[in-house]
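Here's a quick tour of a few spots worth a look while you have the model open. Grab your viewer and follow along.

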Amino acid sequence: MPEYQFEMLVDGSWVDITSDVRVKGGVTITRGYSERGGVLPEPGTLTIGDLRSPNGKYSPRNPRSEYYGRLGRNTPIRARVVGESPDNWLTLQGYPGAAAYTADHASLDITGDIDVRFDGAVWNRDFALVTKYLTTGNQRSWLLRLTSAGHLQFIWSPDGTFASQRSEVSSVPVPAAFGERFRVRATLDVNNGAGGHTVAFYVSDGDLAGTWTPLGITFTTTGTTSIYSSTADLYVVQNDPVLPAGRVYEVQVRSSIGGTIVARPDWRDSELGETSQVDTAGRTWLIGAGAVVDDPAARIVAEVSEWPPEWDTSGRDVSVALTASGILRRLGQGRKPLRSPIYRNLVHRNPVAWWTCEDGGTATRMSTAAPNGSPAVISDVTFETDPTLLGASGVAVLGPAGSIIGQASPHASTNSWTALWFARLTALPASTTRLMTITSTGTAHTWTLDLQSNGLLTISAIGTSGLSTVVLSTDDVNVSGSVAAVDEEWVAFTLLVFQNGGNVNWAVNFHAVGDGPQFFTSGTNSFAGQAGAFRSLRITVDSVLAATNPRVSHLFATNGDLPFVTFSFAEAASAHNGELAAERFLRLCGEQGVPAIVIGDPADSQPMGPQGTKRFLDLLGEVSEADGGFIVETRGNRSLSYRTGRSLYNQAPITLDYAAGEIMPPLRPVDDDALVANDVTVSRPAGASYRSVQETGPLNVQDPEDDPDGVGVYDVAAELILATDSQLQPAADWRRHGGTLDESRYPQVGVRLTGRAMASNPALAAAAAAADTGDLLRLTSLPEHLPPDEPELLVRGYVETLRPSRREITWNAAPGRLHRVGELGATTRLDTGGSETTADFDAGTDTSMTVQRASGTRRLWITTADRPQDFPFDIEVAGVRLTVTGITGSTDPQTLNVDAAPVNGITKTIPSGSRVTATDPWRLAR
């Protein structure tokens with residue numbers, strides 16, 4: 001019988017409350033999407049119908065309770081099924097940085113033979129698995145990485161430099177599919193006794209101390225070698241440049257081959273929420289921001305938003321009917337739209353002055369976004385939206401007498417500051433004109449920025465006490481063929497001023513918004529003195545500047561330097577246009593402080609269009625819609641997961657046999673039009689649209705009276721946040737494919753994990769329990785009154801019921817065959833698009849069938865002479881599945897030779913004119 005465990009997080013520690021949970025009162029867990037739910041899933045729930053609360057133990061305001069003052073709104077709680085999975089893991093969330101690391105130590109400074117082992121699973125490739133390798137200061141020792149092709153690569157340097165580093169790559173890839181657990185090993189014998197050195201790679205089906213099988217060939221090279229003793233820390237899983245997504249169970253680093261373990265982080269027995277551990281070698285490991293310990297035994301981790309007490313008439317039996325919810329409930333409470341991408345990029349950069357220029361159209365002042373700041377004083381300034389600056393939700397338009405004067409918040413000088421601003425002119429000025437004046441508390445009390453008619457920007461630093469005017473002319477802002485012109489384009493600028501000994505160094509950097517991450521700098525300049533602190537800025541329009549119709553946005557200043565010359569700044573200014581869907585999901589969650597995980601390769605998700613100013617969850621919904629994936633609350637911790645659309649393709653299904661009792665009754669297939677969509681139009685904001693129509697074939701738009709396959713028009717439209725118009729046709733076709741799948745729906749499928757059939761097949765029971773949103777089911781041996789196929793279903797969500805001697809899961813499912821797509825190099829088939837029999841055919845007796853193309857069909861069936869390697873394959877006609885052993889005829893009609901015995905056992909006379917299709921033809925993926 002299952003052993004249930006319920007725990008509550010109190011004062012940072014998990015407290016076992018299992019003894020107070022009366023399971024006979026019913027425990028229910030819901031997760032994921034409903035059967036036909038929307039873009040976002042419903043928040044998960046944990047419902048405990050009867051939680052004993054003697055003396056008001058679980059009443060947060062009861063001073064008699066041992067938990068008084070320690071319970072409250074959104075107290076975390078989790079339900080576990082103990083013993084279901086022996087290994088916990090460290091989840092890689094797809095964030096920049098390392099999953100875990102430990103400080104350099106003498107025992108890690110291996111210069112001779114080394115043995116590195118890794119146990120994990122990944123959804124993408126091209127990053128370091130284990131590394132003691134730092135490029136700064138030439139502190140390269142070694143690293144073990146997984147290449148983009150799935151091969152292992154071991155790199156080492158004898159002296160810490162890049163020039164001397166050496167490398168070997170396994171001759172074959174790691175034999176593991178995306179998301180599948182693997183155990184790998186690399187060894188370096190620096191002196192093999194024969195005047196050379198040897199690198200070997202291995203894989204194992206057991207644990208890291210088990211038996212190893214060579215992964216390809218062993219590499220033996222003339223000449224001995226060594227490893228540099230660097231000061232680099234030891235890291236587990238680093239992105240370079242891919243953001244890794246997956247799991248880590250254990251890592252071992254051994255001094256000598258098969259020798260002493262000097263590092264062994266092991267997360268298989270870690271606790272949910274653990275942030276550090278001391279391994280068996282005495283090394284202290286810290287978990288990085290890009291990872292979190294996950295507990296596979298957990299069925300849900302939720303938050304208790306209310307504690308409603310109940311009691312019987314005697315007043316002695318006090319209980320709580322508790323419902324806890326996943327984090328989507330809390331995240332969905334906010335109604336406030338997120339601010340603009342530029343704002344979100346700057347908000348955590350410690351502004352001392354900031355006027356966003358995102359005020360409303362009737363605003364009479366320029367609001368400040370800096371803490372303790374003051375509004376800017378303005379004259380002849382209006383506010384409006386500007387679609388040419390996608391990253392801002394507003395800009396300031398300066399009239400002929402326009403002026404903006406802004407003072408910084410009170411702040412201490414750090415002798416280092418940066419001013420940032422966005423500007424756009426409709427033309428270059430007729431003569432030199434002043435764009436901006438900035439003041440500081442430093443030796444140069446005034447900085448002026450003048451734009452010349454030829455596009456040169458002149459910067460002057462003006463001071464007192466004998467400081468001469470320092471003048472710098474930048475490179476031409478109107479750089480031909482690289483950066484767009486300052487006229488008619490938005491340009492982002494920074495003025496950096498910082499102390500360097502007794503000198504003040506300063507430089508101007510800029511890039512044209514929307515032209516990609518191409519940054520230009522004036523170079524660094526200096527003069528004797530103090531940098532001081534930013535104090536104010538002023539823009540005053542004269543007649544020359546007025547003719548350029550100036551606009552500005554996000555006037556900003558901060559102490560220190562800004563990471564301006566980075567992708568993030570360029571991408572924010574363009575509202576992250578072109579950002580991949582999975583990366584947008586991770587970035588949005590990171591900005592909101594929500595732990596997030598990607599299942600699937602982030603690099604294999606759809607490019608998205610500009611990010612708008614919507615609610616957080618609405619923006620996540622745009623990710624799911626654009627990419628075709630699923631957003632779901634992570635089962636083992638309080639984070640969100642995104643399963644990419646392409647990670648759903650061609651999965652190995654969990655097979656459930658109805659005849660063997662593996663499927664819980666009732667099983668109710670439905671034939672209806674709930675999912676039919678045969679006329680699909682997809683558009684994108686401020687872009688084009690594409691219409692995809694099913695004119696012929698199953699569920700087409702024709703009237704049923706005119707075409708037996710027709711159902712009439714079912715038109716749908718969707719606006720997707722896609723990056724380019726070229727993405728519209730695949731997106732529309734994909735939705736039409738899904739809307740014209742001609743098969744029954746199985747909205748709900750249940751299994752009884754404590755039933756006899758599952759008890760006799762522990763592996764299947766474990767797989768069923770682990771199934772989550774996006775996984776694939778296949779139903780076999782269905783009753784004879786149902787269609788004789790094996791339906792494949794995509795799990796959307798589920799309801800799990802726990803009782804004293806019974807545990808059941810009922811999945812919400814959708815048709816899954818849509819995600820069977822063609823793969824280059826694999827045996828996949830296209831249908832002809834329309835073929836029909838030319839004579840009656842007796843299934844079960846006849847072995848020769850004549851067919852011809854239907855009206856409007858161009859493709860013929862392949863022949864045995866053309867592609868003998870493609871035979872045999874299966875076809876379906878009038879509900880009968882037949883195996884084709886050969887085809888002759890290069891024109892209509894063609895002759896199909898088939899086995900007499902139908903594959904699905906259906907025998908009958910098939911009338912002339914019946915439609916012939918390939919069984920499970922593949923579809924073109926998005």
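**Prolines, a small sheet, two cores and a buried aspartate**

P666 sits in a loop, the one linking β43 (654-657) to β44 (679-683). The peptide bond leading into P666 from P665 is cis, with omega near 0 degrees. Keep in mind that this is a predicted model. The rest is sorted by topic below.

**Another cis proline**

- F871 and P872 are also joined by a cis peptide bond, with omega at about 0 degrees.
- P872 belongs to the loop that runs between β53 (848-853) and β54 (873-877).

**Positive phi without glycine**

- N55 isn't a glycine, yet its phi is positive, at about 55 degrees.
- You'll find N55 in the loop between β4 (45-52) and β5 (75-81).
- With a relative accessible area of 67%, N55 is exposed.
- A575 is a non-glycine with a positive phi too, again about 55 degrees.
- The loop between α4 (567-573) and α5 is where A575 lies.
- Is A575 buried or exposed? A575 counts as buried, at 0% relative accessibility.

**The three-stranded sheet and its helix**

- An open sheet is built from 3 strands in the order β40-β42-β41, and its pairing is mixed.
- Why does one side of β40 (596-599) and of β41 (630-633) lack a neighbour in the sheet? Both stand at the edges with a single partner strand each, so one side of each is left without a neighbour there.
- From one strand to the next, the twist averages 25 degrees.
- β40 pairs with β42 (residues 640-643) in the parallel sense, over 4 bridges.
- Within that pair, I597 is placed opposite S641 of β42.
- Helix α5 (residues 581-592) lies across β40, β41 and β42, and α5 runs at about 170 degrees to β40.

**Nonpolar cores**

- The largest nonpolar core has 47 residues.
- Which of its residues touch the most other members? They are M366, I404, W421, I438, W447 and L555.
- Leaving out residues up to four places away in sequence, I438 touches a set that includes the aromatics W417, W421, W447 and F534.
- Also among the contacts of I438 are A419, H445, T446, L449, L495, S536 and L537.
- Another core, of 45 residues, lies apart from that one, and its members include L129, V190, V199 and F219.

**A buried aspartate**

- D386 has its place in the loop between β27 (377-384) and β28 (395-407).
- At 7% relative accessibility, D386 counts as buried, because the cut-off for that is under 20%.
- What does the side chain of D386 make polar contacts with? One partner is the side chain of T388, at 2.5 Å, and another is the side chain of R551, at 3.0 Å.
- R551 also turns up in the general contacts of D386, together with V395, R424 and W490, once neighbours within four places in sequence are left aside.

How values were computed
Residues are numbered from 1 along each chain as its sequence is written. This is a predicted model: local features need pLDDT of at least 70, side-chain atom pairs count only at pLDDT 80 or more; totals for chains, interfaces and linings use all residues. Side-chain values use heavy atoms; hydrogens and water are left out. Two strands pair if DSSP finds at least two bridges between them. Axes are lines fitted to C-alpha atoms, for helices over the stretch in contact, and angles run from 0 to 180 degrees between N-to-C directions. Contact means heavy atoms within 4.5 Å. A nonpolar core is a set of buried Ala, Val, Leu, Ile, Met, Phe, Trp, Tyr and Cys residues joined through side-chain atoms within 4.5 Å. Buried means under 20% relative accessible area, exposed over 50%, partly exposed in between (1.4 Å probe, protein chains only). A polar contact is a pair of N or O atoms within 3.5 Å; within protein, one must be able to donate a hydrogen and the other to accept it, and residues adjacent in sequence count only if both atoms are side-chain atoms.
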